[in-house]
Amino acid sequence: MSPPLHGVRVLDFGQYVAGPAVGLLLADLGAEVIRIDPPGGPRWGSPAAAALNSGKKSIVLDLTDPADAATARRLVATADVVVENFRPGVMARFGLGPKGTLALNPRVIHLSMPGFSATDPRADLPAWEGIVLAATGGFTDMGLNRILMGVDPSYTPLPLASAYAAALGALSVGVGLVARRRTGRGDAFEVPLAEAVLEGLAFNSLAVSDLPPRYLSLREHEIARRRAADEPMDLTYDELQELLDPFYRSYPCQDGRLFYHCCPAHRTHAIRSLKVLGLWDAVRAEGIPTFDPYLSTDHWPEGADCTLLAYPLSAYWTQRLSKLIAAAFLRHPAEEWERRFDAAGIPGAAHRSTLEWLRSEHPRAAGLVATVDDPVHGELTVPGPVVWTDETPPGRRPAPALDADRAAILADLPAEPSPVAPPATPGGLPLDGVRILDLTNVIAGPMIGATLARFGAEVIKIDPPTPGFDPYHAVVIGTHAQRGKRSVLADLRTSAGRDVLDRLLPTVDVVTFNGSERQLGALGLDPARLRSIRPEIVLARVDAYGGPGEGPRSHAAGYDDNVQACTGIMTRFGGGPDTPEEHAHLGTIDALAGFCGAFAVVAALAGRGAPAPVMRTSLAAAGQLLQIPFLFDGAGRDDLPEPSGREVLGEHPGYRCYQAADGWFFLAGPAGTLETRFQERSIEEWADLLGPRGVAVHRIEHIADLRARGLVRESAGPVPLRDSAVFVRHDRHPSGREVDLIALQAVRPRYAAVRMPSDAPRYGAHTREVLAELGFTPAEIEAMAADGSIADGWTPDHGYLPT
C-alpha cells in the first residue's frame, strides 16, 4: 500500500524549525519534498536541522539571482505544495508569495507561516521563537509551580510556537489537498506562529466562571489565599512538593532516581496503583472515600471532603497518601517500578534526561529514534516520524548533502511558465460531508475531532454510560477538547451498544481512538473488521509511547506528564534530575499530539486509498518534536549546553529576557547590552532604539492580560477568526456558566471556509437523537436506556457539571 501522500510534490523553502518541520511531516507520509536552500545551506547549522531535513531532496537556489528565481517559479509550476515561514511579503519580492504561486499554478497549496499575521501590526517584527513566546504568554503562564515560587518570567528553550505551527501547518496542507479533490483548485493558507501557540496552550487560558471549589487543587487554593492576604509567592521547590497531589508527583526510588507517579482522574488507576504499591488494603482500612465523583457535593457521604476517584484530593488525604506512597517507592529502583506499572496498565514513568531517553531501549526498538549516516555530521541519532502508517517501517533516510539532487530536479522542469489568470474563488467548508466517530478520551485524542470540526467535519463522540474519567478531566477540560461534537453515551461492550456501533460504522469516514491494539480488538474495531465494513474508513490512533516498530513500552499506558518525565522535558525545565517540573500547566504535549492526529486524518482523506491506511501518532513522538533542538545524539552531544531550570532567562545575552523600567521584555538579535542599562528606559523606548539595528524587542505578556484585551462575547455576533489573540466568552454555554476559550484562528485559508465550532455539549445530550437517526425505534431506545446500554447523562440530574 502506497503512503497517503505518495505523488504529492512539496517545495520546502523554510528555515529553522516551523517550515522544515512541515516538510518533514509531509515527507514521512510519502510526499516528495524538495528542500530549497540559499547558497551556504540551511541558516541553522545544528544537527537538529539535519534531523528536520531527513528524507528530503536538496537544491540550492539564490532567489536574489533572476535566473535562480526563474528556476524556482518553474518548480512551482510542477508542485502541489509550497511551504515557507518568512515574514509577510518576503517571498512576494521574488514572485513567490501566495498570490504569485497561485497565479503560476492554480492547483498549488501555498502555506505561509510568519511569526505574526500579515494583518498584525507586528508583521514586520523579526519573529524569533522567543519573540513569539514573549508575545503570547509563553514565558509567564508556565504552570502553578512557577506562580507559587514567584518565577516570572519563566523562560523555556522548547520551540513551542514552531512545533504547534508545524502541526497546524501540515494539517492546513492536508485540508487544502482534500478540498482540491472536490474543487480542482489550490488555496493559500496562513498559519501565524503567534496564533498557533495560543491554540497549543489553550488549556492554560481556559476559564470557567464560578468553578466550584472541589475542582481547585491545593496549589490553586494556596495561590488564591496568598493573593487575598497580599503574601508573596515565595515557596521553595521542597515546600511546593507538599501541595502536589499524590497522583501527580515525583518520588525518589531505591536507586535515587525519581519516578513520576501520574495516574489520577481515571476510575480505576488510583486504586490499581495503590495495589501495585502494596498500599490499598491499608488505605481502604483507613476509610478513604471512593464514592461516585459525579455526585454533587450536597450528596457526598457525611464528613467526606473528596473522593479517591477524582482529582484533586483534600489536604488531609494528599498528605497521608503522599507519605505512604513515598515510603513504598523506596522499595525498588525506578525502572523496576516502571515495569510494574506498565504490566498493571497504570500510567507512570521513571524520570530521564533527553540523552538518557535517546540512549534507552524503548525509543530505539519502537522506531521513535533512528541512527543515520549524515553527510555533514557523520553518525547521528535523530527522531523517527511524528506521524506514520501501520505499514511504515522503522528507520530514517538521512538528510541529503547540500544541492545533491540539482541535476535530477532540473532535468524534467518545464520552460518558464506563462502567467495564468487567477481561478474563480472556490469556497465552502473543506471537510463538509466528512463524518468522524470519536472514541477517544481526555485531551490528545479528543483534540483530533475538535480540531477538524472547524473545517466542517461532523463529529459524533461516544463515551460509556459510566464515565471512565473524573469531572475535571472529562467535563472542565472538555469545554475545549469536545467543541464542535455531538455526544452519545453507549456501552460498546454490550450487545445493544455493539449494535449501535455496527449501524454507525458504515456511515463514517474516520474513526479516532486513543488506546492499545488490544482495546481496539475488544471493541471490534481492529483494522481488518473496519475494512470489511467499509474499506475507505480511516482509523487514526493515538497512544502514549508508540512508534513504527515494537518496543518494550509500546503498549504502556501514559499521559502527557508521564511522557514529559521520561523523555527529558521535566528534567530540563526543572534544572536537573533532582528537581524536575511539569512544563506548563496542562496539555503541552497533548495538544500537539491532537494536531498531529488531525493532520494524519486529512492526509489519509487526501490520499483516499482503499483500503485506507491506519494512521498513527503518539505522545512520545509529539514530545520529541517539541524538543527538536535537543533531540539528536552524536559526536560532542554530551557537551552541548542546554538552558534549563528556574533561573535561566535565555540562551545568551543577545537572546533572553530583560527587565526594563516598566516591565520585562524579550530581546532577540546580536546585541549584548548589560541588563542594568535596560532598566533605565521603557520597553517601548528600547524597541524604538534597537529595532532599526535589527534587534527585535517585545514585552513579555501574560495570557490573562491578552485575554482581558482580546475578549469578545459570543452573543455579540460572529467571532473574528482572522484577528490576533482573540478570546471568546461563551456566554450562552450549555453548562450555564460563562466559559472563556481561545478563538480558533491559527489556520487561515484564502478561499476555503472555516467555522466557529459549537460549544462542547453535555455528555449524552445527543444519545437519543443519534440513535433515532440510525433507525432505532423509541421503544428500542427506551429498552436500551432501562438496561444501562445507553444513557442521557453522567450526573443523576443529567446536569452539565457536578457542583
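This passage walks through two sheets, two nonpolar cores and one buried leucine in a predicted model.

A convenient place to begin is an open sheet of 3 strands, arranged in the order E8-E9-E10 with antiparallel pairing. Strand E8 (248–252) and strand E10 (349–350) form the edges; each has a single partner strand, so one side of each is left without a neighbour in the sheet. Between E8 and strand E9 (residues 258–262), which run antiparallel, there are 5 bridges. One pairing to look for joins Arg249 to its bridge partner in E9, His261. Helix H25 (residues 560–567) packs on this sheet and touches E8, E9 and E10. The direction of H25 makes about 170° with that of E9.

A second sheet, also open, is built from 4 strands in the order E7-E27-E26-E25, and here the pairing is mixed. At its edges are E7 and strand E25 (711–713), each of which pairs on one side only. E25 and strand E26 (residues 727–730) run parallel and are joined by 3 bridges. Within this pair of strands, Val712 is found opposite Val728 of E26. Helix H31 (residues 703–710) lies across E7, E25, E26 and strand E27 (739–742), and runs at about 45° to E25.

Just before E7 comes a residue worth a visit. Leu206 sits in the loop between helix H9 (202–205) and strand E7 (207–208). Its relative accessibility is 16%, below the 20% cut-off, and Leu206 therefore counts as buried. Apart from residues up to four places away in sequence, Leu206 touches Val476, Ile477, Thr479 and His480, together with Arg707, Asp740 and Leu741. Of these contacts, Arg707 falls within the residue range of H31, while Asp740 and Leu741 fall within that of E27. As for Leu279, 73 residues separate it from Leu206 in sequence, and the C-alpha to C-alpha distance between the two is 36 Å.

Attention can now turn to the nonpolar interior. The largest nonpolar core has 154 residues, among which Leu452, Phe599 and Phe666 touch the most other members. Helix H27 (residues 588–607) supplies the largest share of this core, with 15 residues. Leaving aside neighbours within four places in sequence, Leu452 is in contact with Leu171, Leu431, Ile436 and Ala457, as well as with Ala598, Val601 and Val602. A second core, separate from this one, consists of 29 residues, including Leu523, Val770, Ile781 and Met784.

Technical notes. Residues numbered from 1 in each chain as written. Predicted model: local features only at pLDDT ≥ 70, side-chain atom pairs only at ≥ 80, totals over all residues. Heavy atoms only, no water. Pairing = 2+ DSSP bridges. Helix = DSSP H or I, 4+ residues; strand = E, 2+ residues; numbered from the N terminus. Contact = heavy atoms within 4.5 Å. Axes fitted to C-alpha atoms, helices over the stretch in contact; angles between N-to-C directions. Core = buried A, V, L, I, M, F, W, Y, C linked by side-chain atoms within 4.5 Å. Buried < 20%, exposed > 50% of the residue type's maximum accessible area, 1.4 Å probe, protein only.
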